[in-house]
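Hi everyone, thanks for coming. Let me put the structure up, and then we'll walk through it together.

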Amino acid sequence: MKVEALDQFWTDKSRYDLAEKRFYEGTLKVTDRSHYSPLVSEIAKAREHIQNSLEKIGGVSLDNVSSSQLASRVSQLESDNKDLRQLLNAVLKRLDTVESQLKLTNGEVKKPEAPSKKEEKAEEEDDDDVDLFGSDSEDEGEEAARVREERLAAYNAKKSKKPALIAKSNIILDVKPWDDETDLKVMEAEIRKITLDGLLWGASKFVPVAFGIQKLSISCVVEDDKVSIDWLTEEIEKLEDFVQSVDIAAFNKI
């Protein structure tokens, strides 16, 4: 190797590289500390603030407040809360009462006003002015009077021809004999001999009573204005040789 080449060759390069490395490492450490030191300080301050907040209640240190005072304050808060709830309930009840009164007030129905005396008098006068027989004036002529009389006569004749409603009743009588030796057929024949205007005898049958004795059940239709039920029963009871008693089993209006 030539001497000129040896002069250009760096034999201690490794030493210089190591020194450069250490220099830059020291520089970086100083820079990192100066960069992170404010953040660490802020974290420490935040921790201290939180700790102080936890140790104080309402601006008073827990060390300076006894347990009895804390219990007293808690009970006072509970009492105030209870009073507020009672007051709120009273207000709500009052509000419900007011709403119900408003509904009743709005739902009232006005009663219709009674007609005044003047209106009633006017209506009566209007009724008096109505002519039921078709006359237009008070001074009617002979022709109008004749027509009115004819109409009245026709109305009365039509009314007289209409048959009146006759009230009738359907009656069933139970006629009891004296004993089982009484001839019921003869007794029935004697009863049917009782006649009167408005009395119509109907069907009959023999009904067993007891111990071989039978009674006569007979129906009839009577006009209420012409035949009395009391009179009819008395007439049947007059047949003393056959009849012991008479009872009304059924009574229906027709």
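Let's start with a definition: a patch is made of residues with over 30% relative accessible area and no salt bridge, where like charges are joined within 9 Å and nonpolar side chains (Val, Leu, Ile, Met, Phe, Trp, Tyr) within 5 Å. A salt bridge is a side-chain nitrogen of Lys or Arg within 4 Å of a carboxyl oxygen of Asp or Glu. Areas come from the Shrake-Rupley method with a 1.4 Å probe, and for residues only the protein chains shown count as cover.

This is a predicted model, where local features need pLDDT of at least 70, side-chain atom pairs count only at pLDDT 80 or more, and totals for chains, interfaces and linings use all residues. Residues are numbered from 1 along each chain as its sequence is written, and side-chain values use heavy atoms, leaving out hydrogens and water.

Now, which residues form a nonpolar patch on the surface? They are L88, L92 and L95, with about 280 Å² of accessible area together. L92 is found in helix 3, residues 67–106 (helices are DSSP runs of H or I, at least four residues; strands are runs of E, at least two; both are numbered from the N terminus). L92 counts as partly exposed because its relative accessibility is 42%, between buried (under 20%) and exposed (over 50%).

On to the strands. Strand 4 (residues 199–210) and strand 5 (residues 213–223) run antiparallel, joined by 9 bridges; strands pair if DSSP finds at least two bridges between them. One pair of bridge partners is K205 and S217, the latter in strand 5. Between the strands of this hairpin are 2 residues, and F211 takes a positive phi near 55°.

Methods
Buried means under 20% relative accessible area, exposed over 50%, partly exposed in between (1.4 Å probe, protein chains only).
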